[in-house]
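This report introduces a structure to a reader who has not met it before. It takes the chains in turn, then their cores and the contact between them.

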Amino acid sequence: MSCTMSETKNLVQGQTGLWEVVIGLEVHAQVVSKSKLFSGSSTDFGSDPNTQVSFLDAGMPGMLPVINKVCVDQAIKTGLGLNGTINDVSVFDRKNYFYADLPTGYQISQFTRPIVTGGYIDIDLEEGQTKRINLTRIHLEQDAGKSTHDLHPSFSYIDLNRAGVALMEIVSEPEIRSSAEAMAYVKKLRSILRYLGSCDGNMEQGSLRVDVNVSLRRPGAELGTRAEIKNVNSVRFLGQALEYEIVRQLEILEDGGSIVQETRLFDPGKAETRSLRSKEDAHDYRYFPDPDLRPLILAKERIQKIAEEMPELPDAKRARFMADYGLTQYDASVLVAEQETAFYYEEVVKASKEKDRRQAAKIIANWLIGDVFGAMNRENVTIQSLPFKSCHLAELVDLILDGTISGKIAKDVFSALWQSGKSPKDLVKELGLQQISDPSVIEGIIEQILTEQAQKVAEYRSGKEQLFGFFIGLIMKALQGKANPALVNEILKKKL
Amino acid sequence: MSLTNLTLTEAREALLNKKCSATELTRSFLDRMDANRDLNAYITETPDLALKQAQESDQRIAAGTARPMEGLPIGIKDLFCTKGVRTTAGSKILGNFVPRYESTVSQNLLDAGSVFLGKTNMDEFAMGSANLTSAFGPVISPWKKKGNPNQKLVPGGSSGGSAAAVAGRLALATTASDTGGSIRQPAAFTGLVGIKPTYGLCSRYGMVAFASSLDQAGPLTHTVKDAALMLQTMASYDKKDATSLNVSVPDYLASLSPNVKGLKVGIAKEYTDNLDEDAQKLLQKGIDWLTAGGATIHHVSLKTTSYALPTYYIIAPAEASSNLARYDGVRYGVRVDGKSLDELYENSRRHGFGEEVRRRIMIGTYVLSAGYYDAYYLKAQKVRKLITQDFENTFRDVDVLLTPTTPTAAFAIDETPTDPVTMYLNDIFTVTVNLAGLPGISVPSGLNQDGLPLGLQLIGPHLSEQLLFNVAAALEDAADFSTQIKSL
């Protein structure tokens with residue numbers, strides 16, 4: 001690769017000079033709702049082909065669309081969550097094109113008057129930096145069905161289960177300047193949508209798909225000709241597609257060539273993009289207002305009601321975690337990325353009986369991000385299906401903080417907790433892991449060891465101070481590691 | 001008197017008074033349908049279904065549980081989807097299509113106890129003014145020119161089969177649809193009453209779409225009373241149609257009163273300039289009848305009128321080009337395979353659609369295309385708004401407008417203009433109402449020199465159906481059209 005990313009200014013160094021990457025994303029987010037945008041059919045994923053299809057979805061003669069209020073409410077919620085303006089009047093248009101998985105020959109979408117205008121997302125970059133990416137619009141539209149071309153040599157198979165499912169198309173301004181920013185944008189957007197409950201964000205199942213518009217220009221110059229990469233369905237692929245596409249365009253431009261405006265596909269197998277169709281083959285969609293639907297008029301009260309029911313979103317939650325629990329930005333970011341994790345975290349914090357809540361909260365955060373996440377990854381378990389109760393994690397941390405067990409012993413207790421789901425208090429008793437904090441017990445053992453090791457004691461006293469650790473090791477071994485380390489230190493020093 | 005000579009409301013009386021049974025009535029119509037196949041009024045006849053429904057109606061009548069249209073045999077325009085009964089919209093492309101659902105309008109008629117004789121012929125996808133574009137052959141009007149009994153006349157279109165069926169007494173009444181005049185023009189051509197109600201009064205659910213923002217269902221009947229009964233049965237607020245009006249449908253029939261005293265009748269310059277002699281005479285008669293009834297005449301001007309026809313022939317094809325995209329040979333209807341998906345589309349659509357439908361799809365596609373949209377579709381939408389405002393302003397001064405329904409009486413099949421634009425001029429007095437979403441009714445009002453019927457049109461403001469029925473009834477009484485026919 002002939003390019004390196006400039007860390008600070010996000011410019012690409014070519015052999016003929018610097019280039020600026022300009023990226024705009026169109027994200028198609030499937031709306032969470034029981035039924036489709038204009039029909040009563042179910043939106044269940046994974047049903048047998050063509051079982052979730054109404055007469056309308058199949059484009060039968062005389063069938064008419066009726067707007068699903070739930071989908072509209074979800075779009076309003078999303079618009080509010082992404083800081084956009086909810087338009088009190090929006091219009092559904094028909095986007096006309098022929099394809100076998102588009103039964104009516106048109107997709108109902110919003111062209112000139114979308115439900116949401118504007119908005120922004122603050123994306124999180126490395127080293128705690130953030131960048132605001134403005135949104136152009138969010139509109140509601142129908143999904144198409146699914147074509148499968150490789151099941152039969154001369155026929156295609158069509159599944160209309162997805163046809164008519166509601167999508168939100170979330171369009172960014174061309175303000176993204178690198179693949180890292182693009183990835184951060186999608187991650188943040190996905191997180192917010194999941195918080196809002198308006199999209200499940202499941203990229204593998206196609207609930208969140210990204211169309212990428214990318215072009216290069218000399219810094220400060222007019223926008224260059226762009227290529228569009230369609231239907232990228234993972235954050236990783238997005239990064240790969242952009243890395244490839246930026247280099248491809250750079251090489252063409254540096255050789256004095258020009259970029260062809262076209263639609264490209266990303267091939268995850270080869271990690272490259274390839275041309276799908278050029279501008280000349282582009283459809284003329286012949287948009288016009290759908291005469292079967294009246295303009296969508298939203299009452300102020302309806303928007304207000306949804307605004308009042310908005311959940312706390314990741315940025316606000318992160319700020320609160322940092323302020324209330326004294327977490328670092330990094331820890332707070334990790335904990336708020338998924339709403340379930342954040343909920344779980346606060347559940348554990350609430351269950352802790354430790355008086356110093358901030359201290360407990362910090363240690364709980366460390367445990368969650370460290371041992372719990374580690375075990376979850378290892379065992380392939382989600383936060384909702386942990387094999388122990390949240391209050392037991394709090395109990396474990398409390399046992400550390402009240403000196404009952406050491407941090408080291410706590411790791412053994414955690415393993416036992418994961419295996420058995422029993423209360424850490426019971427486990428400590430059962431396994432005899434209680435920390436030995438009785439000075440007389442510790443003192444007795446120390447005296448015994450010092451007597452046995454008279455030679456080494458003499459060496460220590462004559463200046464070989466590094467032997468201190470040797471004595472600690474023997475003492476801890478004798479006490480099976482359960483002795484209170486601070487107490488052991490203190491008594492040993494005194495005795496020596 | 002033959003049972004088939006009854007009007008819809010007369011037949012209802014006869015059934016309720018046990019003068020005849022629904023089965024007898026239905027058989028009479030089935031026999032007449034058999035004997036008049038040459039009119040080609042029906043695409044699909046459903047005699048078995050009709051007799052079964054009639055039997056049930058007889059039981060209900062006997063049990064005293066008759067519904068508002070119990071046992072009344074009617075025809076359904078083949079644009080309304082009927083569950084289990086082939087529905088073609090007059091097109092080859094739907095030649096084998098049997099819906100698994102019932103349109104709201106036909107469901108309302110079924111729920112009211114009516115008997116379905118069959119599906120009536122129509123211009124393909126309701127695109128036509130003479131019923132010559134049907135893939136199932138032209139419909140022949142039961143009317144004949146004086147002194148020329150062998151010349152075949154058109155019944156008008158697109159509801160030509162529905163009109164011929166009623167005029168030829170092959171049904172007591174029929175459903176029809178009107179996008180630019182498809183109820184009123186055939187009504188005028190065949191001596192019937194036809195009303196296009198306010199847009200949204202009848203649900204469009206299950207009605208094969210031509211131009212969604214203009215399409216409205218309505219009835220074709222012998223009398224104003226019959227039309228009132230049909231419309232109040234067909235109309236309903238329907239949640240399945242987002243453009244359906246959420247209003248309760250009045251009992252038009254019970255409130256029918258042919259009183260025009262004090263009524264302000266507008267005569268619009270743009271609808272009366274350059275009329276031919278027959279139409280001019282008829283309009284004058286209408287004015288005289290209404291004046292005699294105590295109405296006052298007001299001369300008004302609707303300056304946007306001349307733009308209505310071009311506006312209509314942009315908006316209607318634009319919507320049609322999109323509405324008809326679903327007929328692609330993939331899921332139902334006619335399919336002609338090809339080597340690629342595009343070839344499958346081209347073959348199926350070329351084979352399945354007739355010339356007029358293809359022409360309008362082309363026009364519609366053109367006016368919506370990038371670079372032409374603003375000049376055609378967008379401008380047409382603006383003009384449409386002006387036409388609507390023009391009517392609104394006019395109805396501040398007058399209660400109804402009186403116009404001829406069509407420039408001329410029915411023409412012969414062999415005199416049909418070959419130039420599509422000349423053909424489109426048939427709709428010149430009717431399209432304005434569709435563009436403005438207003439109700440319009442055509443009342444048979446006289447005969448021309450050739451002995452062919454002519455209609456007068458009344459146009460009223462939004463949801464003025466009751467007023468239109470009342471004024472139409474006054475015209476009907478004065479014209480005494482049924483007596484004129486009998487004297488033929």
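## Secondary structure

Helices, of at least four residues, and strands, of at least two, are DSSP runs numbered from the N terminus. On that basis chain A has 15 helices and 18 strands, and chain B has 17 helices and 11 strands. The model described here is a predicted one.

## Overall form of the two chains

Chain A consists of 496 residues, and its radius of gyration is 30 Å, whereas a compact globule of that many residues would have one near 23 Å. The C-alpha trace of chain A spans about 95 × 55 × 50 Å along its principal axes. Buried residues make up 39% of chain A. Where contacts in chain A join residues at least 6 apart in sequence, 68% of them link residues at least 24 apart.

For chain B, with 488 residues, the radius of gyration is 21 Å, which agrees with the value near 23 Å for a compact globule. Its C-alpha trace covers about 65 × 55 × 50 Å along the principal axes of chain B. In chain B, 60% of the residues count as buried. Of the contacts in chain B with a separation of 6 or more, 77% are between residues 24 or more positions apart.

## Domains of chain A

The domain assignment divides chain A into domain 1 (11-306), domain 2 (314-430) and domain 3 (439-495). The C-alpha centres of domain 1 and domain 2 of chain A are 38 Å apart.

Where these two domains of chain A meet, seven residues of domain 1 are in contact with seven residues of domain 2. On the domain 1 side, strand E8 (120-124) and helix H2 (179-196) of chain A each supply at least two residues. The largest share of that side, four residues, comes from H2(A). By type, the residues on the domain 1 side divide into two nonpolar, two polar and three charged.

## Helix H3 of chain A

Helix H3 of chain A runs over residues 235-254 and has 20 residues. From its first C-alpha to its last, H3(A) reaches 28 Å, close to the 28 Å expected at 1.5 Å a residue. The buried residues of H3(A) include A:Leu238, A:Ala241, A:Leu242, A:Ile246 and A:Leu250; A:Gln240 and A:Glu245 are also among them. Just after H3(A), A:Gly256 has a positive phi of about 85 degrees.

## Nonpolar cores

The largest nonpolar core has 224 residues, and those with the most contacts inside it are A:Tyr185, A:Val212, B:Val400 and B:Ala472. Beyond its neighbours within four places in sequence, A:Val212 is in contact with residues including A:Ile23, A:Leu25, A:Ile229 and A:Val232. The contacts of A:Val212 also include A:Leu238, A:Ala241 and A:Leu242, three residues that are listed among the buried residues of H3(A).

Another core, of 34 residues, lies apart from the largest one. Among its residues are A:Val349, A:Trp367, A:Leu417 and A:Leu427.

## Contact between the chains

Which chain supplies 33 residues to the contact, and which supplies 24? Chain B gives the 33 residues and chain A the 24. On the chain B side, helix H10 (305-323), helix H11 (341-352) and helix H12 (355-368) each supply at least two residues. H10(B) provides the largest share of that side, three residues. The residues of chain B that touch chain A divide into 17 nonpolar, eight polar and eight charged.

Technical notes
Residues are numbered from 1 along each chain as its sequence is written. Chains are lettered from A and ligands numbered from 1 in the order in which they are written. This is a predicted model: local features need pLDDT of at least 70, side-chain atom pairs count only at pLDDT 80 or more; totals for chains, interfaces and linings use all residues. Ala, Val, Leu, Ile, Met, Phe, Trp, Tyr, Cys and Pro count as nonpolar, Asp, Glu, Lys and Arg as charged, and the others, Gly among them, as polar. The radius of gyration is taken over C-alpha atoms; the globule rule is 2.2 Å times the number of residues to the power 0.38. A residue is buried if 20 or more other C-beta atoms lie within 10 Å of its own, exposed if 12 or fewer, and partly exposed in between; C-beta atoms are placed from the backbone. The expected span of a helix is 1.5 Å times one less than its number of residues. A nonpolar core is a set of buried Ala, Val, Leu, Ile, Met, Phe, Trp, Tyr and Cys residues joined through C-beta atoms within 7 Å. Domain bounds come from an automatic or database domain assignment.
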